[in-house]
Amino acid sequence: MNRRWVLPAAFAVAAVLLFVVAPLALSPFRLDQLGRYLCFAIVAVGIGLAWGRGGMLTLGQGVFFGMGAYLMAMHLKLADAGPGGTPDFMALISSDGVPWWWEPFRSEIVTLLAILLLPAAVAAVLGLATFRRKVRGAYFAILSQALAAAFAILLVGNPTGTGGSTGLSGFRGFFGFALSDPANRLVLFCTAAGVLLLMLALVRQLMVSRYGELLVACRDAEERVRFLGYDPANVKTVAFVVAAFMAGIAGALFVPIVGIVSPNDVGIVPSIGMLIGVAIGGRSTLFGPALGAIAVAWAGSALSEQFPSGWTYVQGLLFMLVIAFLPGGLASLAWRRVRPTAPAPSAQPVPAPSGGS
Amino acid sequence: MDVLVTQVFNGLSGGSILLLAALGLALTFGQMGVINMAHGEFIMAGAYTAYVMQNVLGAAGLSLLVSLPIAFAVGGVLGVVLEATLLRRMYHRPLDTLLVTWGVSLVLQQLARDVFGTAGVDVPAPAWLSGPVEVLGFSFPRTRLFILLLAVAAFLALAAALRYTALGRRIRATVQNRPLAETSGISTRATDRLTFFIGSGLAGVAGVALTLMGSISPNLGTSYIVDAFLVVVVGGIGQIRGAVIAAFLLGVAQSWIEYSTTASIAKVLVFALIVAFLQVRPQGIFTVRTRSLA
């Protein structure tokens with residue numbers, strides 16, 4: 001097959017699988033599950049860009065995911081309560097009415113704009129603050145992790161505003177459509193599938209562009225990029241912002257599909273959990289992160305149904321084995337098999353002499 | 001005045017816990033550049049060691065004192081095993097060590113859950129540590145004073161070992177210039193392993209100290225690891241004295257902000273302060289002076 005046709009063919013196969021085969025072959029329950037995996041796959045596409053291509057190990061994607069999810073959840077709760085109404089959980093624990101910072105999200109348009117812009121804006125501020133000061137490598141990873149911890153603590157510590165540790169749940173409608181209707185759930189699934197394909201196409205375009213070259217250059221030799229007259233901080237911030245943007249959208253889709261969001265979905269543990277699929281699938285490839293995320297999420301559900309504690313061991317072992325012995329992920333195996341003489345795509349940033357880590 | 005003394009003491013006390021958790025981390029982080037996410041689980045292992053010793057020995061006072069060296073050994077052995085099996089393979093991939101050790105920490109946590117149960121267990125403090133101490137009209141809990149003293153003692157012992165012993169010289173040489181240290185006849189492999197033993201052992205000691213603060217559960221490590229890493233980042237990688245200053249600064253800041261707001265807001269503000277601080281000094285309070293192009 002001509003190499004030029006590989007990518008469009010892959011997209012076509014993915015589209016047929018997601019839009020035709022999955023809705024026909026799966027029960028409504030399984031379709032919902034797959035929809036949830038697709039949300040994680042969208043996050044993974046962003047992580048693939050920031051981590052695999054840009055070398056920024058972000059341990060805080062749960063924050064952006066959670067922002068999108070909580071914004072959507074707040075809007076759904078307010079919409080369920082009706083105009084001027086107070087969401088049920090809030091009325092139970094406090095009589096003060098709706099906090100002022102909830103009010104804007106009664107509007108559908110404000111909510112959608114906030115989901116698209118707010119995670120990206122936070123990522124832009126944090127990215128510029130850290131990358132401009134050449135905070136990178138391990139320092140950046142730890143900071144992003146602390147951000148996830150702080151965010152989860154803030155959510156738990158504010159029960160009247162965010163539902164505390166139980167989070168927000170019990171949504172009835174989604175922009176005027178009943179969530180209980182299977183037809184509407186099918187539309188939700190197709191939306192998630194469409195967003196995933198769109199994001200893959202977006203990352204693909206970024207990767208082949210001049211920007212994509214610069215991003216990889218920043219990963220492999222940041223100082224040289226600087227000497228060539230580019231500002232690596234801007235290059236890296238863009239990738240970080242795109243990743244946050246994707247995580248925010250994924251979070252917003254996650255809420256109507258799963259029906260609940262809580263600090264358990266956004267803290268340190270889920271944030272790092274989002275990385276494992278990316279690592280297994282192949283962090284620097286286009287499809288690897290998404291496929292890995294779906295596979296890991298599926299394996300997670302299947303195994304934890306059967307062996308409640310077993311999945312944690314498997315997850316831990318996967319982290320150890322894949323990262324230590326197969327840093328390029330499963331994609332690197334496939335690559336070697338297809339073209340045994342060609343070098344595998346560089347999955348590992350060459351340690352710069354500046355010792356940025 | 002009362003509030004001032006109490007808040008400063010609370011801050012120092014919180015800082016001493018951070019210091020115990022971060023001291024070993026600063027050592028291993030600086031030595032090999034590896035990021036050990038399982039450090040928190042070594043702390044947990046130390047805490048459960050104290051719990052087991054309590055059940056074996058019965059007497060609370062004796063078991064606490066016996067637990068300290070045993071927990072040091074338990075943490076140290078765990079660290080050496082981790083270093084020898086996984087970390088030495090991934091020398092120049094510091095970010096990957098973070099994920100590998102995260103896998104280790106998941107496994108250790110689940111192991112603790114399966115062995116000791118998910119519910120927290122209590123290790124009662126010995127009689128000579130219960131109740132407060134009166135100093136100049138102020139009363140301080142004895143357990144917190146003990147932890148403060150333990151943290152200071154651990155720091156002094158580590159600082160003295162690094163400064164005056166042959167092993168300490170080898171460790172410092174390896175941190176500053178690994179290839180040159182190797183050329184000078186220092187076995188950096190052996191030094192790495194010993195450093196990891198000491199650093200992880202300190203995590204075990206921290207775990208014993210934490211049993212005095214409340215019940216212990218398999219999640220114990222997760223709640224301390226992020227703060228411990230922040231201490232290392234603020235202090236400067238591989239800087240023991242930086243860790244000390246950073247731990248106490250963060251402890252006091254946390255207790256101070258907490259006093260006028262809430263614990264969760266204090267956490268978020270401390271994080272914002274750290275990001276702001278890194279704008280001024282991205283490399284932390286202290287840096288290792290080397291001839292590499294840092």
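Trainee: Which helix of chain A holds both A:R226 and A:E222?
Mentor: Keep in mind that this is a predicted model. The side chains of A:R226 and A:E222 meet in a salt bridge, 3.5 Å from N to O. The two residues sit four apart, about one turn of the helix. The helix that holds both is helix 10, residues 222–227.

Trainee: Is A:E222 buried or exposed?
Mentor: Start with its partner: A:R226 has a relative accessible area of 26%, so that one is partly exposed. The cut-off for buried is under 20%. A:E222 has just 8%, which means A:E222 is buried.

Trainee: How many salt bridges turn up over all chains?
Mentor: The pair A:R226 and A:E222 is one salt bridge, and B:R189 with B:D192 is another, at 3.7 Å from N to O. A search of the whole structure gives the total over all chains: 15.

Trainee: Where in chain B do B:R189 and B:D192 lie?
Mentor: They're three residues apart, about one turn of the helix. B:R189 is partly exposed at 30% relative accessible area, while B:D192 is buried at 1%. Salt bridges with shared partners tie both of them into one network with B:E83, B:R178 and B:R193. As for the place, both lie in helix 8, residues 188–210.

Trainee: Which residue of chain B forms a salt bridge with A:R283?
Mentor: Across the interface of chain A and chain B, the rule finds one salt bridge. In the bridge that A:R283 makes, the closest N and O atoms are 3.4 Å apart. The partner is B:D96.

Trainee: Why does the pair of B:D96 and A:R283 join two chains?
Mentor: Look at where each one sits. B:D96 lies in helix 4 of chain B, residues 94–116. A:R283 lies in the loop between helix 12 and helix 13 of chain A, so the pair joins two chains.

Trainee: Are B:D96 and A:R283 buried or exposed?
Mentor: Buried means under 20% relative accessible area. B:D96 comes in at 1%, so B:D96 passes that test. A:R283 has 2%, so the word for A:R283 is also buried.

Trainee: What is the area buried between chain A and chain B?
Mentor: The size of an interface is often given as the accessible area lost when the parts come together. Here, 45 residues of chain A are in contact with 43 residues of chain B. Carbon and sulfur atoms give 77% of the buried area, and the area itself is about 3,900 Å².

Trainee: Which three residues supply 18% of the area that chain A buries against chain B?
Mentor: No other three residues supply as much of what chain A buries there. The names are A:Y139, A:I142 and A:Y313.

Trainee: Which helix gives the largest share of the side of chain A that touches chain B?
Mentor: Across this interface the rule also finds seven residue pairs in polar contact. Helices 5, 6, 12 and 14 of chain A each supply at least two residues of the side that touches chain B. The largest share is 13 residues, and it comes from helix 6.

Trainee: Where does A:V21 lie, and how much relative accessible area does it have?
Mentor: A:V21 belongs to a nonpolar surface patch with A:V13, A:V16, A:L17, A:F19, A:V20 and A:L24, about 620 Å² of accessible area together. A:V21 lies in helix 1 of chain A, residues 6–25. A:V21 is partly exposed, with a relative accessible area of 38%.

Notes. Residues are numbered from 1 along each chain as its sequence is written. Chains are lettered from A and ligands numbered from 1 in the order in which they are written. This is a predicted model: local features need pLDDT of at least 70, side-chain atom pairs count only at pLDDT 80 or more; totals for chains, interfaces and linings use all residues. Side-chain values use heavy atoms; hydrogens and water are left out. Patches are made of residues with over 30% relative accessible area and no salt bridge: like charges are joined within 9 Å, nonpolar side chains (Val, Leu, Ile, Met, Phe, Trp, Tyr) within 5 Å. Accessible areas come from the Shrake-Rupley method with a 1.4 Å probe; for residues, only the protein chains shown count as cover. A salt bridge is a side-chain nitrogen of Lys or Arg within 4 Å of a carboxyl oxygen of Asp or Glu. Buried means under 20% relative accessible area, exposed over 50%, partly exposed in between (1.4 Å probe, protein chains only). Contact means heavy atoms within 4.5 Å. Buried area is the accessible area (1.4 Å probe) that two parts lose on being put together, summed over both. A polar contact is a pair of N or O atoms within 3.5 Å; within protein, one must be able to donate a hydrogen and the other to accept it, and residues adjacent in sequence count only if both atoms are side-chain atoms.
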